[in-house]
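Student: I am new to this structure and would be grateful for a close look at one part of it, with the surroundings explained in a connected way.

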Amino acid sequence: MMKRMALASLLSAGVASLIPVSAMAHEGDVSERLAQIASLFDARSIVAGPEVVDCTLSGGTETQCFSITLKNSLESSEMGPWCPGKLSDGADEGGIWVRDGKQYDVDGAFIENLATFYDDPEWQLFDEATGKVHVTDTRTACDQAARPDVAEAYHNYCVECRTEYMDEVVETTYVLPLVPVARQEAASGRTPPIPRGIAFNGVRFDAAAPQDAILAAHTLAPFDDCGGHVNLHVGYHYHGANGCSPAKENVAADAPMIGFAMDGYPILARLTGDEAEKAELDACSGHVGAGIGYHYHGNSAEKNEILGCFHGEIGCALDSPDAVCTADDMGHRGPPPGEEDRPPSGKE
Ligand SMILES: [Zn+2]
Ligand SMILES: [Zn+2]
């Protein structure tokens, strides 16, 4: 009961703190936890839920999950820019690109220098005569270029899509364990190309962008400074946590909380410098902390994805709030390589 009392005092102090999972034995705890989960999210991003549902996690564990249906709550002015329009444009007119764990500003000079940067004379993303950058500035262009098999006509383009091109706002139902379940076996091979987690503004943290396919067509698909960009399948999504999405202070933890991973463990803000060294994060960018248990510290976009693997059994990202999460038969039929930026096959 100590933990519950501590929790009550935290809540009465108005601090959103994660309920320690070990304290969640009672019905009352579940409803408290649902209320708390709801309070973490920007209210504009919640379409439905959270509610408790039965679920089967990726490792076969049958348990209870919370189901929450989310949409991106950002205004279009809060996303982008991605591609600079001309070679004279500065960093304010473009987003970022990442290579080998380093982040670069995509300004005009970066575009001009690509042939040198990649040591490949085929790069030519701009018009020599006018200095205009080739940017996919229509829905069709974005559709043809933002795919693993980039249409020939859009080779050597800076690729950007806009949420205005989408027919409808994407709503995704996330079904995540109320009490995370650690995986039985260590992560092996590739983590399935499903979202890595959700931010509190309803934006998904997605799996790594398929850089090889993007670069093979001599295209860039820059992230904005927040680590996000748009594709027509899922809308705006992050490939890392660059400190833009809402963060909730958590007195029990070593950093503010910024979201949930698909296995239900909290994602906390990135640690830097000495703190990062001392934290001794595992391969999944996580560790155990007193009072909060296992949690991740999300990578920034320079790593291309917020976490490299899952510590726990994952739940589901579903197209419909009525769909049932049976994640145990998902990983076996992932999409072919190079399809990482597309929706999970488990929801087709
Ligand atoms: Zn992407
Ligand atoms: Zn930590």
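Tutor: The account below begins with the whole chain, turns to the part around Gln 211, and then follows other features along the chain.

The model is a predicted one. The protein contains seven helices and 14 strands. It has 348 residues, and 50% of them count as buried. About 15,600 Å² of surface is accessible, and carbon and sulfur atoms account for 48% of that area. Among contacts between residues at least 6 apart in sequence, 64% join residues at least 24 apart. The part chosen for the close look offers examples of residues brought together in this way from separate stretches of the chain.

Gln 211 belongs to helix α6, which covers residues 211–216. Its relative accessibility is 16%, and because the limit for a buried residue is under 20%, Gln 211 counts as buried. With neighbours within four places in sequence set aside, Gln 211 is in contact with Trp 97, Val 98 and Asn 304. For Val 98 a polar approach can be given as well: a polar atom of the Gln 211 side chain lies 3.1 Å from the backbone oxygen of Val 98.

Asn 304, another of these contacts, deserves attention in its own right. Asn 304 is located in the loop between β13 and β14. This residue is also buried, its relative accessible area being 9%. The phi angle of Asn 304 is near 80 degrees, a positive value in a residue other than glycine. Most residues other than glycine have a negative phi. A second residue with a positive phi is Asp 119, where the angle is near 50 degrees. Asp 119 is placed in the loop between α4 (114–117) and α5. Whereas Asn 304 is buried, Asp 119 has a relative accessibility of 70% and counts as exposed.

The loop between β13 and β14 also takes part in a salt bridge, through Glu 305. Side chains of opposite charge can pair when their charged atoms come close. Here Glu 305 pairs with Arg 196, and the closest N and O atoms are 3.0 Å apart. Arg 196 lies in the loop between β5 and β6 (197–199), so that the bridge links distant parts of the chain, 109 residues apart. Both partners are buried: Arg 196 has a relative accessibility of 4%, and Glu 305 has one of 15%.

The structure holds seven salt bridges, and two others may be set beside this one. Asp 167 and Arg 139 form a salt bridge with an N to O distance of 3.8 Å. Because Arg 139 is in helix α5 and Asp 167 in the loop between α5 (139–145) and β5 (172–177), the pair ties together parts that are 28 residues apart in sequence. Asp 167 counts as exposed at 72% relative accessibility, while Arg 139 is partly exposed at 35%. In the other bridge, Arg 147 pairs with Asp 143, and the closest N and O atoms are 3.6 Å apart. Arg 147 has a relative accessible area of 33% and is partly exposed; Asp 143 is likewise partly exposed, at 26%.

Helix α2 shows how burial can be arranged along one element. The helix runs over residues 27–40, and its 14 residues reach 20 Å from the first C-alpha to the last, close to the 20 Å expected at 1.5 Å a residue. Its buried residues are Asp 29, Val 30, Arg 33, Leu 34, Gln 36, Ile 37 and Leu 40. Viewed down the axis of α2, these buried residues fall within an arc of 165 degrees, so they line one face of the helix. Ser 31 is also found in α2, but this residue is partly exposed, with a relative accessible area of 45%.

Two peptide bonds complete the account. The bond that joins Gly 49 and Pro 50 is cis, with omega about 0 degrees, and Pro 50 lies in strand β1, residues 46–56. The bond from Gly 80 to Pro 81 is also cis, with omega near -5 degrees; Pro 81 is in the loop between β2 (62–70) and β3 (96–99). Most peptide bonds are trans.

Methods
Residues are numbered from 1 along each chain as its sequence is written. Chains are lettered from A and ligands numbered from 1 in the order in which they are written. Side-chain values use heavy atoms; hydrogens and water are left out. Helices (H or I, at least four residues) and strands (E, at least two) are DSSP runs, numbered from the N terminus. Buried means under 20% relative accessible area, exposed over 50%, partly exposed in between (1.4 Å probe, protein chains only). A polar contact is a pair of N or O atoms within 3.5 Å; within protein, one must be able to donate a hydrogen and the other to accept it, and residues adjacent in sequence count only if both atoms are side-chain atoms. Contact means heavy atoms within 4.5 Å. The expected span of a helix is 1.5 Å times one less than its number of residues. The arc is that of the directions from the helix axis to the C-beta atoms. A salt bridge is a side-chain nitrogen of Lys or Arg within 4 Å of a carboxyl oxygen of Asp or Glu. Accessible areas come from the Shrake-Rupley method with a 1.4 Å probe; for residues, only the protein chains shown count as cover.
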